[in-house]
Amino acid sequence: MNGGTMLGAMRSVLARDLMLAGRRPVDVVTALFFFVIVVSLFPLGIGPEGQILHAIAPGVVWVAALLASMLSLTRLFEADFVDGTLEQMILAPQPLSLIVLGKVSAHWLVTGAPLVLMSPLLGLQFGLSGEALMILALALLLGTPALSFIGALGAALTVGLRGGGALLALLILPLCVPVLIFGAGAVDAAATGMETGAHLSLLGAFLVMALCFGPWVTAAALRIALD
Amino acid sequence: MAEFFAMGGYAFYVWGSFGVTVLALVVEVLLLRRRRRTLLRRASRMSRKVSMGVGA
Amino acid sequence: MAVNWFKYSSPPAFYPLAGRLIPWFAAAAAVLALIGIYVGLVVAPTDYQQGDSYRIIFIHVPAAWMSMFIYLVMAVYAGIGLIFNTRLSGYMARALAPTGAMFTFIALWTGALWGRPTWGAWWVWDARLTSELILLFLYLGYISLYAAIDDPRRAARASGLLALIGAVNVPIIYFSVKWWNTLHQGASISLTKAPTMAATMLTGMMIMAVAAWCYTIAVALMRVRCEILEREVHSEWAAEQLAREAR
């Protein structure tokens with residue numbers, strides 16, 4: 001077995017999950033609509049004063065993105081668990097962590113990337129400046145993959161359990177706090193004309209950490225779940 | 001004595017803290033004892049059934 | 001010594017040992033708590049800035065310490081259970097969690113009751129209180145995950161992994177929250193300034209902390225005994241033990 005086939009396994013899992021998502025575009029669109037609607041509800045609940053909206057925009061967009069990426073996580077391993085594919089993946093000669101990496105990448109491309117693309121439009125609704133919009137998209141680009149990795153871990157721990165959705169949120173949301181703080185912090189800093197470098201570097205550091213340890217720990221959790 | 005319980009005007013805060021803490025500890029111990037008693041009661045019922053030849 | 005450790009790492013050997021230890025730790029906890037309360041409420045002088053309200057720290061600080069230590073100990077047990085595949089460490093981790101969650105709640109509650117007269121607000125988004133709140137969420141997540149899984153082996157291993165991940169994340173969360181707090185310092189109240197510690201105050205707090213340790217050990221041993229019997233009820237020794245005690 002050489003490196004080529006290992007990466008090949010990852011790539012074929014990625015392609016397979018993307019194809020499955022393409023067959024059911026509703027799932028993709030649901031997360032995106034959820035994100036848009038939640039963000040748009042805040043002005044209705046708080047009132048149209050520009051100053052307040054401007055101040056809460058980073059937090060609102062980030063919390064909505066966090067919840068939207070949580071939405072489809074319960075299904076990340078569920079279908080494969082039910083039809084036995086997951087068991088085959090564990091028994092496969094390729095490292096399970098690489099297969100997990102493929103699945104998480106597919107999940108991010110399907111649910112995270114649309115949020116990143118949509119976010120500047122939502123930021124406009126809250127009167128964010130051009131630079132803040134750019135930082136918002138950039139922070140989400142760095143942060144949402146990290147959220148997907150953390151979420152995959154929760155999905156692996158709760159695979160096959162009843163009431164998985166609420167339990168998953170309970171396990172995962174506290175672990176997402178650092179990403180939320182620095183993601184929203186970066187946008188906040190940009191909106192008030194301060195330096196954003198530190199926030200973005202820390203977000204990048206979280207992403208690298210999640211990329212290195214996430215798939216590996218998630219693979220361990222999957223092994224425990226199917227033991 | 002009354003002065004001690006008044007806690008210099010902070011009676012509510014001080015006794016509220018100590019009271020809730022004591023309550024939480026006592027409730028935890030009581031719940032654990034009940035859990036143990038339930039366990040033992042179920043076991044004794046089971047062994048009686050076995051000795052009567054019902055559960056075997 | 002090493003032989004003893006291995007001997008007591010099996011539930012049938014540990015069960016009677018735990019039963020013998022419980023009264024000692026419970027008695028020590030009760031005596032120390034009484035001494036600590038006496039030192040804290042009677043001997044320690046009234047603070048000239050905060051009046052008598054500062055006496056809450058005799059509960060608040062030990063509870064906050066315990067909430068963090070217990071999570072750490074829980075994670076260590078979980079790690080041992082995952083690596084060496086020992087049943088007992090899984091039971092121990094599980095037995096500590098509710099007590100840890102309770103101390104976290106007490107730390108939050110007493111923090112609120114201390115904050116009201118001192119800062120004028122029940123709740124302040126101070127770095128320590130916020131991290132303590134997140135710690136409570138971590139405890140609740142651990143307990144819920146354990147409760148949601150029926151298979152005892154999977155429950156112990158999955159929640160053990162979660163405890164380890166949480167323990168790695170606790171410092172990251174703490175420093176993020178601290179950074180967040182310094183950035184958003186709207187009302188600049190110095191929250192961390194404890195009153196200058198008199199020697200008697202420190203003594204009282206230490207005695208209370210040791211009492212909390214003894215209490216935790218006693219309660220955890222009580223819970224681990226229940227846990228062992230419930231989980232191993234189908235094994236021969238547990239059934240015998242139950243029958244003997246039920247009589």
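Biologist: How far apart are the end C-alpha atoms of helix α2 of chain A, and what should its 22 residues span?

Modeller: This is a predicted model. Helix α2 of chain A covers residues 25–46. At 1.5 Å a residue, its 22 residues should span 32 Å. The end C-alpha atoms agree with that, at 33 Å apart.

Biologist: Where around the axis of α2(A) do its buried residues sit?

Modeller: The buried residues are Ala31(A), Leu32(A), Phe35(A), Val38(A) and Val39(A). They cover an arc of only 120° around the axis. In an α-helix there are 3.6 residues a turn, so residues three or four places apart point the same way. The arc therefore puts the buried residues on the same side of α2(A).

Biologist: What covers those buried residues of α2(A)?

Modeller: The face turned away from the buried side carries exposed residues, including Val26(A), Phe33(A) and Ile37(A). The buried residues of α2(A) are covered by elements of chain A, among them α3 (50–71) and α6 (96–125).

Biologist: Which residue just after α2(A) takes a positive phi?

Modeller: Look just past the end of the helix, which runs over residues 25–46. The phi there is about 115°, and the residue is Gly47(A).

Biologist: Why does Cys176(A) form no disulfide?

Modeller: A disulfide is a covalent bond between the sulfur atoms of two cysteines. A pair counts within 2.5 Å. Cys176(A) is buried, at 1% relative accessible area. Its closest cysteine sulfur, in Cys212(A), is too far for a bond, at 18 Å.

Biologist: How many disulfides are there over all chains?

Modeller: The search takes in the whole structure. Over all chains, the number of disulfides found is zero.

Definitions and conventions:
Residues are numbered from 1 along each chain as its sequence is written. Chains are lettered from A and ligands numbered from 1 in the order in which they are written. This is a predicted model: local features need pLDDT of at least 70, side-chain atom pairs count only at pLDDT 80 or more; totals for chains, interfaces and linings use all residues. Side-chain values use heavy atoms; hydrogens and water are left out. Helices (H or I, at least four residues) and strands (E, at least two) are DSSP runs, numbered from the N terminus. The expected span of a helix is 1.5 Å times one less than its number of residues. Buried means under 20% relative accessible area, exposed over 50%, partly exposed in between (1.4 Å probe, protein chains only). The arc is that of the directions from the helix axis to the C-beta atoms. Contact means heavy atoms within 4.5 Å.
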